[in-house]
Amino acid sequence: MLPMSPSTKLLLLTALCLPVTRASAQSNQPVRVVIVGLEHGHVDGFLQAFPRQNDATLVGIVDPDPALRDKAEKNFHLDHTLFFSTLDQAIATTHPQALLVYTSVAEHRKVIEAAAAHNLDVMVEKPLTISLDDALAIRKVAREHHIQVLVNYETTWYSSNHAVLDMAANGTLGDIRKVIVRDGHQGPKEIGVQPEFLHWLTDPALNGAGALYDFGCYGADLMTVLMHGDAPISVTAVAQTDKPSTYPHVDDDATIILRYPHAQAILLPSWNWTFSVKDMEVYGTKAEAVAVDPTHIKSRTTQSESNEDTTATPLTPPNNTSLHYLVAVVRKQLDPQHDLNSLDTNITVIQILDAARHSAAEGKTITLAPLPKL
């Protein structure tokens, strides 16, 4: 073989490096995101957040209601060309890489199936969907089309929750015996949610239930991760409407008890709290830890005589916000399996909520059967 000249070596080295350079440049480009739905009140926070993002770009907003499109355009000073009445039109025009979904919960399955047809990753607002049948259909289409389906919870981005989950995972708490999770507020009408949001939140066909689904999902999500993805043996729930003149069609207060082989969880979702609350108490054989608020923890070990109050270490990208997280997943820099946002975790969450709804309606404990495998 003839020796290569220095110039030939340089050309070969350049050719070999080009694909890597291009791939790197592509991965560093902002992820193109389309928002689907403007009827979920949480969308406002994302419309405010996008201008501050360097790794995600909002390329389209879809809603069939022209009044909601006009309101968003005016309130957030958005370019009129961002808005579309149909998802197909938005995808064809903007070529997104991911969808953020802010429809009613009942619409999630339909949007995810549409996204799968275009091989787009999706993040929906909690909970994943309204029934176990829908959840299993979502799992099937996601696997067939190799897309990621993620579920966004406000409490995922609480450093206190991550700290307590870490304490459980590394054995600091010992064996988990009991978990109590409180979530909710004074009620959606009482806190003044938008009319379009209130409309579907209080419709069981669109929301799955009332407070039981709206806030029960938070505790079910945290407990599923604490139990390493295992579903409970049984679910027992009671639900009632303490404010029938305000919420005539859905529950506004519920208690859900989850039984595991060696642990129990008590989930307390409500639209009747005195103030907004999202906290978690985890009791183990070696220690207990309470995520008091988004950043603070109260803990005590078997050797301690008093509680220790600490501030959790702040979360860092991509695990500190939903947009950072979504970008990392789309770029395949993060594998979402078995975490708070992942599809596998949230299939179990819906299995729990679906059973809780039936338990409350039928007045009996529901024993969970293993889920069918694909």
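## A walk through the sheet, its helices and a buried Phe

Start with the open sheet: 9 strands in the order 14-13-12-11-7-10-9-8-15, with mixed pairing. Strands here are DSSP runs (E, at least two residues), helices are runs of H or I with at least four residues, and both are numbered from the N terminus. Two strands pair if DSSP finds at least two bridges between them. Before moving on, note that this is a predicted model: local features need pLDDT of at least 70, side-chain atom pairs count only at pLDDT 80 or more, and totals for chains, interfaces and linings use all residues. Residues are numbered from 1 along each chain as its sequence is written, and side-chain values use heavy atoms, leaving out hydrogens and water.

Now select strand 14 (308-311) and strand 15 (366-367). They stand at the edges with a single partner strand each, so one side of each has no neighbour in the sheet. Strand 15 runs antiparallel to strand 8 (residues 234-240), joined by 2 bridges. Click on Val-235 and you'll find its bridge partner, Ile-366, in strand 15.

Next, pick helix 10. It lies across strands 7 (176-184), 8, 9 (253-259), 10 (264-270) and 11 (277-284), at about 155 degrees to strand 10. Angles run from 0 to 180 degrees between N-to-C directions, and axes are lines fitted to C-alpha atoms, for helices over the stretch in contact. Contact means heavy atoms within 4.5 Å.

Add helix 12 (residues 343-362) to the view: helix 10 (residues 211-226) packs against it at about 130 degrees, with the axes 9 Å apart. Which residues of helix 10 meet helix 12? Among them are Leu-212, Gly-216 and Ala-220, while the helix 12 side includes Thr-345, Val-349 and Ile-352. The residues of this contact divide into 9 nonpolar, 5 polar and 3 charged (Ala, Val, Leu, Ile, Met, Phe, Trp, Tyr, Cys and Pro count as nonpolar, Asp, Glu, Lys and Arg as charged, the others, Gly among them, as polar).

Jump to strand 5 (residues 121-125), where 5 of 5 residues are buried, meaning under 20% relative accessible area with a 1.4 Å probe, protein chains only. Asp-121, Met-123 and Glu-125 lie on one side, Val-122 and Val-124 on the other. Strand 4 (residues 98-101) pairs with strand 5 in the parallel sense over 4 bridges, and Val-101 stands opposite Val-124.

Last stop: Phe-50, in the loop between helix 2 (43-49) and strand 2 (56-62). Is Phe-50 buried or exposed? Phe-50 is buried, at 7% relative accessible area. Not counting residues up to four places away in sequence, Phe-50 touches Val-33, Ile-35, Ala-56, Thr-57, Leu-58, Leu-100 and Leu-323.

Key
Buried means under 20% relative accessible area, exposed over 50%, partly exposed in between (1.4 Å probe, protein chains only).
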